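Open your viewer and get the selection tool ready. We will move from stop to stop, and each stop says what to select.

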Amino acid sequence: MLNVITKSVKLPDGREITIETGKLAKQADGAVVVRLGKTMLLATVCTASDAVPGTDFMPLTVEYKEKYGAYGRFPGGFTKREGKASDYEILTARLVDRALRPLFPDDYHAETFVNVLMISADGVDQPDSLAGLAASAALAVSDIPFNGPISEVRVILKDGKFIINPTFDQMKGNDLDIMVAATYENIMMVEGEMNEVSEATMLEALKVAHEAIKTACLVQKELMEAVGKTVKREYNHEDNDEDLKKDVWAKCYDKAYAFASSANTDKHDREAKFRSVKEEYIASLNLSDDELEAKAGMIDRYYHAVEKEAMRRSILDEGKRLDGRKTTEIRPIWCEVDYLPGAHGSAIFTRGETQSLTTCTLGTKQDEKLVDDVLNQGKERFLLHYNFPPFSTGEAKAQRGVGRREIGHGHLAWRALKGMIPEDYPYCVRVVSDIMESNGSSSMATVCAGTLSLMDAGVKIKKPVAGIAMGLIADGGNCYGKYAILSDILGDEDHLGDMDFKVTGTKDGITATQMDIKVDGLSYEVIEKALAQAKEGRLHILGKILETIPEVRPDLKEHAPRIVTMDIPKELIGAVIGPGGKIIQDIQEKSGAVVSIDEVDGKGHIEVSASNKTAIDAALSRIKAIVAVPEVGETYDAKVKSIMPYGAFVEFMPGKEGLLHISEIEWKRFETMEQTGIKEGDTISVKLLDIDQKSGKFKLSHKALLPRPERVEGERPERGDRPERPHHHHHNNNNGGGDQG
């Protein structure tokens with residue numbers, strides 16, 4: 001029999017999230033279905049019964065997948081089935097992973113898999129903001145040890161109001177969009193983008209998010225009780241030898257502390273010295289190979305704890321960091337632009353031992369990225385990619401494909417910069433950051449190098465953006481004792497510290513942030529202090545950027561593509577494209593330029609691009625001829641289309657024909673058209689004298705372009721001597737009643 005248990009959580013605006021367990025996936029260690037409106041996520045969690053011997057970390061894998069059928073769509077591509085995870089799915093999974101990972105017990109090392117599937121959607125509510133809650137609820141109804149529950153919400157600021165878990169429609173025009181994950185007590189993870197908001201606004205958003213999360217955490221505790229899973233499984237994934245542990249501390253701590261406080265700025269040298277302490281200790285034990293194999297894992301673990309404590313005490317007690325900096329000090333920075341002559345824009349940004357070489361490439365409409373996720377389809381005109389080759393840390397290994405971390409870091413830098421590209425900027429822009437050297441916060445170096453390369457390429461960004469990574473060392477693992485906030489952290493300070501808080505922004509406010517917290521109890525006072533310290537650091541780095549390139553280059557590089565845009569009336573789009581695209585293809589072929597046309601805001605928006613001005617001008621003159629509106633008083637080169645007894649019909653603009661009357665050809669009288677010598681296919685220049693308001697017919701004259709003789713042959717007296725009577729044969733019979741004689 002089914003035993004389905006359901007609990008619900010109310011959102012501040014009255015919408016209801018339900019959590020159900022006992023219906024689907026009952027063989028998993030834990031499984032729940034979370035529902036909001038018509039959006040449903042299935043989260044399952046499975047863990048191995050024991051740890052793989054020798055594992056000393058948490059082997060957690062989080063996957064998030066959206067099913068096309070959930071939204072009644074077919075997947076694209078030839079196979080018509082879901083393929084590898086999209087960037088969006090990877091980013092959603094990473095958010096969940098980062099919130100859960102620190103909450104597993106330190107000594108729990110069994111392989112654990114969390115899978116979140118979107119199984120239903122209607123395009124109203126956003127599924128990614130429910131993924132964290134779903135994953136945590138699946139853990140809650142299992143017997144897997146976990147120091148949660150947590151929940152995750154999205155908060156936006158729109159028209160001065162905060163909204164929790166907004167719908168897709170509500171997202172438009174927001175000033176802040178962050179995802180926050182937290183336990184009942186503490187914030188664990190923050191990630192998001194802002195429209196240059198203040199530090200105070202950001203802090204307020206975190207508080208609003210945390211209130212909503214607390215409710216969801218309490219409901220999960222009720223669910224745990226209802227399912228009877230308040231007591232979790234017993235496990236033993238670590239062998240310990242207390243005597244060995246004491247021995248390691250006694251014999252290694254002082255030496256490690258000496259290195260931790262010795263102000264060594266070279267990362268590899270520092271690592272070698274720390275390693276030598278452990279190697280000396282192992283040598284002093286005189287163990288046989290078998291004994292060493294049995295104890296190596298424990299010694300590694302105990303010595304890692306020694307190293308961590310030595311680094312932390314040096315900072316907390318003496319204010320001395322591994323490389324000798326003060327807590328608020330930023331490593332030396334040097335930058336250079338225009339380093340790569342073949343790129344449209346390039347920059348090197350180096351901060352300490354972290355270096356990014358970044359290029360900026362300008363493209364046309366053809367280069368837009370097509371996004372075809374289940375719920376999100378569209379085009380992306382600004383791309384930012386981040387690559388982290390193994391040589392950047394001196395590692396001897398091959399680089400295979402793009403890792404999840406690279407997608408995450410690139411996305412953060414993309415969010416930091418995208419708001420600075422003007423909305424109407426005609427180019428597609430791709431920024432690529434290749435990390436040349438890494439020792440902490442390469443994603444923030446990417447933001448700085450990205451700004452420099454955009455400015456070097458002549459992209460008219462609104463303001464420069466810089467980024468900085470903040471760290472935290474808290475005594476006893478919580479902030480209620482002594483703590484230190486560190487500006488511009490090293491790799492080791494991230495790895496051995498309690499927080500990695502990245503903040504990017506302009507001089508006027510924050511544009512993106514990412515925060516991971518590894519301790520219990522991060523008070524708002526600490527976050528506030530970290531934000532203030534980050535702002536100082538950010539302004540210092542912005543100063544260095546502007547010393548290198550004070551303003552955006554006035555023009556693009558010579559070899560960059562040129563794009564000219566123009567808008568035409570909507571009804572003329574067809575005339576430019578031509579039947580089956582004939583005309584637009586002909587324009588492209590003959591001019592060598594690329595022409596694209598779209599309907600935007602009720603107008604035809606045309607982009608003409610080429611690598612040189614001549615091609616663009618050739619295409620533009622063709623387009624202008626097609627869409628031009630005839631102007632009275634202008635002169636045109638007209639082509640004779642047909643001859644009539646009373647004149648010639650001529651095409652003076654593409655698709656525009658008018659009558660050149662026999663009396664308007666020259667300053668003399670012709671009896672027949674043969675006398676004029678004009679033939680079909682001839683070209684003759686004409687002046688547009690008038691456009692009849694009622695009929696829209698054109699009055700053309702060639703005579704008006706010729707010098708007027710004193711006395712015209714075969715003419716009656718001068719024009720001015722008597723009123724002119726209209727001609728009977730005039731093609732235009734709408735001249736009023738007076739012309740019937």
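The tour visits a sheet, two helix pairs and a salt bridge. Keep in mind that this is a predicted model.

**Stop 1: the sheet**

Select strands 11, 12, 13, 17 and 16. These five strands form an open sheet, in the order 11-12-13-17-16. The pairing is mixed. Now look at the edges. Strand 11 (333-337) and strand 16 (382-387) each pair on one side only. From one strand to the next, the twist averages 15 degrees.

**Stop 2: one strand pair**

Keep strand 16 and add residues 428-437, which are strand 17. In which sense do strand 16 and strand 17 pair, and over how many bridges? They pair in the parallel sense, over six bridges. Pick out tyrosine 386 and look across to strand 17: serine 433 is its bridge partner there.

**Stop 3: the helix on the sheet**

Select residues 442-457. This is helix 8, and it packs on the sheet. Helix 8 touches strand 11, strand 12 (345-351), strand 13 (354-363), strand 16 and strand 17. Its direction makes about 145 degrees with that of strand 12.

**Stop 4: helix 5 and helix 6**

Two packed helices are described by the angle between their axes and the distance between the axes. Select helix 5 (residues 267-285) and helix 6 (residues 289-318). They pack at an angle of about 140 degrees, with their axes 11 Å apart. That angle makes helix 5 oblique to helix 6. Their crossing is right-handed.

Show the side chains. On helix 5, the contact residues include Phe274, Val277 and Tyr281. On helix 6, among them are Leu292, Ile299 and Tyr303. By class, this contact has eight nonpolar, no polar and three charged residues.

**Stop 5: helix 4 and helix 5**

Keep helix 5 and add helix 4 (residues 242-260). The two axes come within 10 Å and cross at roughly 150 degrees. Helix 4 passes helix 5 in a right-handed crossing. Helix 4 brings residues including Leu244, Val248, Cys252 and Phe259 to the contact. Phe274, Val277, Tyr281 and Leu285 are among those from helix 5. The contact of helix 4 with helix 5 divides into 10 nonpolar, one polar and five charged residues.

**Stop 6: a salt bridge**

The structure holds 59 salt bridges. For one of them, select arginine 73 and aspartate 372. Their closest N and O atoms are 2.6 Å apart. Arginine 73 lies in the loop between strand 5 (60-66) and helix 1 (87-100), and aspartate 372 lies in strand 14 (residues 369-372), so the pair ties together parts that are 299 residues apart in sequence.

Conventions: Residues are numbered from 1 along each chain as its sequence is written. This is a predicted model: local features need pLDDT of at least 70, side-chain atom pairs count only at pLDDT 80 or more; totals for chains, interfaces and linings use all residues. Side-chain values use heavy atoms; hydrogens and water are left out. Two strands pair if DSSP finds at least two bridges between them. Helices (H or I, at least four residues) and strands (E, at least two) are DSSP runs, numbered from the N terminus. Axes are lines fitted to C-alpha atoms, for helices over the stretch in contact, and angles run from 0 to 180 degrees between N-to-C directions. Contact means heavy atoms within 4.5 Å. Angles under 35 degrees count as roughly parallel, over 145 as roughly antiparallel, 65 to 115 as roughly perpendicular and the rest as oblique. A crossing is left-handed if the near helix is turned anticlockwise from the far one by less than a right angle, and right-handed if clockwise. Ala, Val, Leu, Ile, Met, Phe, Trp, Tyr, Cys and Pro count as nonpolar, Asp, Glu, Lys and Arg as charged, and the others, Gly among them, as polar. A salt bridge is a side-chain nitrogen of Lys or Arg within 4 Å of a carboxyl oxygen of Asp or Glu.
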